[in-house]
Amino acid sequence: MTIQEILEKLPYAHPFLFVDGLDHIDSETVRGHFTFREDMDCYKGHFKGYPVTPGVLLTEVMAQIGLVCLGIYLVKDELPEQGMGFGLTETDISFLLPVFPGEKVTVFSQKVYFRFGKLKCNVSLLNEAGKEVCNGTIAGMIIRK
Amino acid sequence: MDKETLIAQLKEIIKPYAKNEEALANIDENTDFINDLKINSANLVDVILDVEEKFNIVIDNESMERMLNVKSAIEIIEAKLAQG
């Protein structure tokens, strides 16, 4: 499965698509990136007069790239065409640095296991300077509607 | 390995995932993982992976789907251990 095919299979659309592209994927790891545009709505209120990317959105980037893209790659052709979702089951993430509007972040994810439909990964998110912004484990299961 | 020992070992594995402590304290053959112990289906996968590691066995999809209570878990573990 090519990177382009994975991106087309992603069950997200604007304003909740948090994957710009993937740089690498295999059955154990994935690396991808996303840029937080300065005009995103979240910055109007997080925080008032001091825009900082919310941790939940950093988590979302980690989940969409690190878990969902890898999950799609792992199940390949078994995916339904429509009505697919990905159920987040656990997150355990530490946040180390802030991400400001306009920053590009890179996510690296390594599979811990994919068994019985559940995918668990160690995920790390870096800023453009290569500094680690957040890291932890995320797990989820594919949901068919 | 007798049943009591097996249940005690299962109890240790289940402990981090069980939300109902009273049911965990009173665990027996009839305890249901989801209804009694309130383990969610995602954590049930972790329980099964921990069982595999503890007993050095491999649990297939079919066994996984049956492994919903202590009784069936013991049956499956004993069968896998007997296979060597």
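**Backbone outliers, cores and the chain contact**

With 16 C-beta neighbours inside 10 Å, B:Lys38 counts as partly exposed, because a buried residue would need 20 or more such atoms and an exposed one would have 12 or fewer. The model described here is predicted. B:Lys38 is a convenient place to begin, as this residue has a positive phi of about 60 degrees although it is not a glycine. B:Lys38 sits in the loop that runs between helix H2 (21–25) and helix H3 (41–55) of chain B.

Chain A offers a companion case. A:Phe116, again not a glycine, has a positive phi of about 50 degrees. This residue belongs to the loop between S4 and S5 of chain A, and A:Phe116 is partly exposed, with 18 other C-beta atoms within 10 Å. The backbone of chain A also holds cis peptide bonds. One of them joins A:His14 to A:Pro15, with omega near 5 degrees, and A:Pro15 is placed in the loop between helix H1 (3–9) and S1 of chain A. Another cis bond leads from A:His46 to A:Phe47, where omega is near -5 degrees; here the residue after the bond, A:Phe47, lies in the loop between S2 and H2 of chain A.

Turning to the interior, the largest nonpolar core comprises 29 residues. Within this core, A:Val61, A:Met62, A:Cys69, A:Val107 and A:Leu125 have the most contacts. At least two core residues come from each of strand S1 (21–25), strand S2 (29–35), helix H2 (55–75), strand S4 (104–115), strand S5 (118–126) and strand S6 (132–144) of chain A. The greatest contribution is that of H2(A), which supplies 10 residues. A closer look at A:Cys69 helps to picture the packing: leaving aside residues up to four places away in sequence, A:Cys69 touches A:Ile6, A:Val19, A:Leu22, A:Ile25, A:Val30, A:Gly32 and A:Gln64. A second core, separate from the one just described, has 17 residues, including B:Leu10, B:Phe33, B:Ile48 and B:Val70.

Two of the residues named for this second core, B:Leu10 and B:Val70, reappear where helices H1 and H5 of chain B meet. The axes of helix H1 (residues 3–14) and helix H5 (residues 70–83) of chain B come within 11 Å and cross at roughly 110 degrees. An angle from 65 to 115 degrees counts as roughly perpendicular, and H1(B) and H5(B) are therefore roughly perpendicular to each other. Their crossing is right-handed. H1(B) brings B:Lys3, B:Leu6, B:Ile7 and B:Leu10 to the contact, while H5(B) brings B:Val70, B:Ala73, B:Ile74 and B:Ile77. Sorted by class, the residues of this contact are 7 nonpolar, no polar and 1 charged.

Finally, the two chains meet through 6 residues of chain B and 8 residues of chain A. On the side of chain B that touches chain A, H3 and helix H4 (61–66) each provide at least two residues. H3(B) gives the most to this side, with 4 residues. The side of chain B that touches chain A contains 5 nonpolar residues, 1 polar residue and no charged ones. H3(B) thus links two parts of this account: the loop holding B:Lys38 runs between H2 and H3 of chain B, and H3 is among the helices that supply the side of chain B in touch with chain A.

How values were computed. Residues are numbered from 1 along each chain as its sequence is written. Chains are lettered from A and ligands numbered from 1 in the order in which they are written. This is a predicted model: local features need pLDDT of at least 70, side-chain atom pairs count only at pLDDT 80 or more; totals for chains, interfaces and linings use all residues. A nonpolar core is a set of buried Ala, Val, Leu, Ile, Met, Phe, Trp, Tyr and Cys residues joined through C-beta atoms within 7 Å. Two residues are in contact if their C-beta atoms, placed from the backbone, lie within 7 Å. Ala, Val, Leu, Ile, Met, Phe, Trp, Tyr, Cys and Pro count as nonpolar, Asp, Glu, Lys and Arg as charged, and the others, Gly among them, as polar. Axes are lines fitted to C-alpha atoms, for helices over the stretch in contact, and angles run from 0 to 180 degrees between N-to-C directions. Angles under 35 degrees count as roughly parallel, over 145 as roughly antiparallel, 65 to 115 as roughly perpendicular and the rest as oblique. A crossing is left-handed if the near helix is turned anticlockwise from the far one by less than a right angle, and right-handed if clockwise.
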